[in-house]
Amino acid sequence: MGVIQVDGLEKSYDAVRAVDGMEFRVERGELFGFLGPNGAGKTTTIRALTGQIEPDEGTVRVLETDPVEEPIETRRRVGILPEQESPPSFLTPREFLAFVGRVRDLEPATVEERTAIWAERLGFESKLETLHTDLSRGQQQKVMFAQAFLHDPDVVFIDEPLANLDPLVQEQVKRFLVDYAADDNAVFVSTHNIEVAEEICTRVGIVADGRIVTERSVGTTDEPLLEVFLEHVEGEAVRDTPAVAQAQR
Ligand SMILES: Nc1ncnc2c1ncn2[C@@H]1O[C@H](COP(=O)(O)OP(=O)(O)OP(=O)(O)O)[C@@H](O)[C@H]1O
């Protein structure tokens, strides 16, 4: 059984069918890339996997927990770095990570040690006592990164892992993610950055219209991932534009 498992997932928001027959699984040791155009259903799928929405149909399992029935248990065991979420403006990184450590049942000494490691790894030691409201977007992203990994989770969900990070930190984060997944964990990354996915992922699923349209292990063929992406996505996107639909009438 995969540590992440999605079977026949469906979710609509009123008339919009956001996820429509999503199926995939991710095993330990994998860095899985979830690629797809805007509105393909990636965020909705992650929200179902992390117990933030209830599916209309289908089942999802994460580390053998059911995020629908036991969302707190699922969230306790995974790390989540959601899209566009910032640390609380009224706390400093040290206070926020101490709070996250308490919620995660970590010993204060462990939290302090890991806070120091993350601050050094991502270069925000000098900002540990600064309110988040006075940090740059990239510095806030670094703190969000640290909170996702603070409890050493077996499965981590990350939306756009490199957003707002400078090139130097991007390289460190990429290396960290590769090593973390290889160490018998699973990292699930949703991204628009096909080049990065090709560089770091072990396997990718390309999402269009609410489901995976193709899945492949990275580096098994000579065909660039961008071409695979365009082959499966651009056609649909272009076909669906009103101008093309009209021309076909
Ligand atoms: N809360 C909501 N209410 C109504 N429609 C929604 C809601 N959230 C998402 N949708 C719609 O569901 C579809 C899938 O959205 P989703 O956010 O899952 O896509 P995505 O692949 O994450 O896109 P992006 O790459 O732009 O972040 C879109 O058509 C979107 O407009």
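## Strands 5, 6 and 7

In this predicted model, V156 has V187 of strand 7 as its bridge partner, and this pair belongs to the five bridges that join strand 6 to strand 7 (residues 186-191), two strands that run parallel. Strand 6 also pairs with strand 5 (residues 78-81), again in the parallel sense, through four bridges, and here V78 finds its bridge partner in V155 of strand 6.

Is strand 6 (residues 155-159) mostly covered, or mostly open? Four of its five residues are buried, and the strand is therefore described as mostly covered.

## An open antiparallel sheet

Three strands form an open sheet in the order 2-1-4, and the pairing within this sheet is antiparallel. Strand 2 (16-26) and strand 4 (57-62) stand at the edges, and because each has a single partner strand, one side of each is left without a neighbour in the sheet. From one strand to the next, the twist averages 25°.

Eight bridges hold the antiparallel pairing of strand 1 (residues 4-13) with strand 2, and at one place along strand 2 it is R17 that S12 stands opposite. Helix 1 (residues 42-49) packs on this sheet, where it touches strand 1, strand 2 and strand 4, and the direction of the helix makes about 120° with that of strand 1.

## Helix 4 and its two faces

Helix 4 covers residues 108-122, and a simple check can be made on its length: at 1.5 Å a residue, its 15 residues should span 21 Å, and because the C-alpha atoms at its ends are 21 Å apart, the model agrees with the expectation. Which residues of helix 4 are buried? They are V111, T115, W118, A119 and L122. Seen down the helix axis, these buried residues fall within an arc of 100°, so they line one face of helix 4.

A general rule helps in reading such a pattern: an α-helix has 3.6 residues a turn, so residues three or four places apart point the same way. The buried residues of helix 4 pack against helix 3 (93-103), helix 5 (137-149) and helix 6 (167-182), whereas the face turned away from the buried side carries the exposed residues A109, E113 and E120. Just after helix 4 comes G123, which takes a positive phi of about 75°.

## A residue in helix 8

E234 has its place in helix 8 (residues 225-239). With 13 C-beta neighbours inside 10 Å, E234 counts as partly exposed, because a residue needs 20 or more such neighbours to be buried and 12 or fewer to be exposed. Although E234 and P37 are 197 residues apart along the chain, their C-alpha atoms are separated by 8.8 Å.

## The chain as a whole

The chain holds nine helices and nine strands, and of its 249 residues, 40% count as buried. Among the contacts with a separation of 6 or more, 67% are made by residues 24 or more positions apart.

How does the overall size fit a simple expectation, and what is the radius of gyration of the chain? A compact globule of 249 residues would have a radius of gyration near 18 Å, and because the chain has 19 Å, the model agrees with that expectation. Along its principal axes, the C-alpha trace spans about 65 × 40 × 35 Å.

How values were computed
Residues numbered from 1 in each chain as written. Predicted model: local features only at pLDDT ≥ 70, side-chain atom pairs only at ≥ 80, totals over all residues. Expected span 1.5 Å × (residues − 1). Arc of directions from axis to C-beta. Contact = placed C-beta atoms within 7 Å. Rg over C-alpha atoms; globule rule 2.2 N^0.38 Å. Pairing = 2+ DSSP bridges. Axes fitted to C-alpha atoms, helices over the stretch in contact; angles between N-to-C directions.
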